[in-house]
Amino acid sequence: MDRIDKTNLPRHIAIIMDGNGRWAQNHSLGRIAGHRKGAESVRKVVEACRAIGISYLTLYAFSSENWSRPEKEVSALMTLLERYLKSEVKVMMKNNIRLRTIGDTAALPEKVRAVLGDTIEKTAGNTAMTLVLALNYGSHDEILEAVRKLVEQALQGKIGTSDITDERFQECLYTKDMPDPDLLIRTSGEYRLSNFLMWQTAYTEFYFTDTLWPDFREEQLIEAILEFQRRERRYGMTSDQLQKRK
Ligand code: FPP
């Protein structure tokens, strides 16, 4: 952790946690055992991000496409989530971590919604780090919903087409009061965005690793942050222009 430059931290890290199933297969276990091990990585990575000083951590815990998995697996993921929230609320309070979600949580099972609501309420005043769980999240849904809101406002005569700016569009997204991710990590050797934060990752640094999510712990997180710190973010400018701005 000492190798990390604290003056150049990603403010927001987003993670596509992938490879639980393959981890289980490699250990001759069922897929659900892989998710259970993955939940342990969630605990460790949240703890490490908080210790490093990351302000926002967004985890892709359940995509809008994940409903099409076998029913048993979907229900095991929901149970894991419920257990995680119940067991971690104390840690979140102790570590001053606020929980929030992005995605259509209305479609989640009642039990999960209840514990989510409780945890969000309890941790609402915490200020050190925001843990964002993407649940029943999909970028296409999010963007289409934003378009619907803007069209509605236009039809009501509240806005004209020239009012549809970047800022106004962002205001209609789940992430409206969050900074965009600086670093996006995907585990398990897959190189896809899988309908995750497509609008918000326009200038994000991507980091792909072959490590399967259940094996991704503090050490691997530090490697990803160090790689981020080696990169130069130019936002469309030249290196010279960037140097002059410093
Ligand atoms: C991808 O592995 C992982 C998921 C679809 C879900 C992520 C869930 C967890 C890490 C556990 C519970 C979450 C929380 C927040 C406690 P995969 O099943 O797609 O792996 P595979 O591609 O190897 O089959």
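Which pocket is the space taken by the ligand? The points below address this and describe the surroundings of the ligand.

1. The structure under review is a predicted model. In this model, the ligand occupies the largest pocket. The volume of that pocket is about 620 Å³.

2. The shell around the ligand consists of 17 residues, and those that come nearest are Met17, Gly21, Arg22, Arg31 and Arg69. By class, this shell holds seven nonpolar, six polar and four charged residues.

3. Several polar contacts join the ligand to the protein, and each of those described here involves an oxygen atom of the ligand. In the side chain of arginine 31, an N or O atom lies 2.8 Å from a ligand oxygen. Asparagine 20 places a backbone N or O atom 3.1 Å from an oxygen atom of the ligand. For glycine 19, a polar backbone atom is 3.3 Å from a ligand oxygen.

4. As to coverage, the ligand on its own has 630 Å² of accessible area, and the protein covers 92% of this.

5. Three elements give two or more residues to the shell around the ligand: helix H1 (20-26), helix H2 (31-52) and helix H3 (71-94). Of these, H2 gives the most, with four residues.

6. The lining of the largest pocket comprises 30 residues. Met17, Asn20, Tyr60, Ala61 and Leu77 are the lining residues that lie nearest the centre of the pocket. Met17 is also among the residues that come nearest to the ligand, and Asn20 is the residue whose backbone atom lies 3.1 Å from a ligand oxygen.

7. Helices and strands both take part in the lining. At least two lining residues come from each of H1, H2, H3, strand E2 (56-63) and strand E4 (129-137). The lining divides into 16 nonpolar, eight polar and six charged residues.

8. In summary, the ligand sits in the largest pocket of the predicted model, with 92% of its accessible area covered by the protein. Helices H1, H2 and H3 each contribute two or more residues to its shell, and these helices also supply residues of the pocket lining, together with strands E2 and E4.

Terms used. Residues are numbered from 1 along each chain as its sequence is written. This is a predicted model: local features need pLDDT of at least 70, side-chain atom pairs count only at pLDDT 80 or more; totals for chains, interfaces and linings use all residues. Side-chain values use heavy atoms; hydrogens and water are left out. A residue is near a molecule or strand if one of its heavy atoms lies within 4 Å of it. A polar contact is a pair of N or O atoms within 3.5 Å; within protein, one must be able to donate a hydrogen and the other to accept it, and residues adjacent in sequence count only if both atoms are side-chain atoms. Accessible areas come from the Shrake-Rupley method with a 1.4 Å probe; for residues, only the protein chains shown count as cover. On a 1 Å grid over the protein atoms alone, a cavity is a set of points where a 1.4 Å probe fits but cannot get out, and a pocket is an open set with protein on both sides within 12 Å along at least five of seven lines; lining residues have an atom within 4 Å of a point. A molecule sits in a cavity or pocket if more than half of its atoms lie within 2 Å of its grid points. Ala, Val, Leu, Ile, Met, Phe, Trp, Tyr, Cys and Pro count as nonpolar, Asp, Glu, Lys and Arg as charged, and the others, Gly among them, as polar. Grid points are joined across faces, edges and corners, and a volume is the space filled by probe spheres set on the points.
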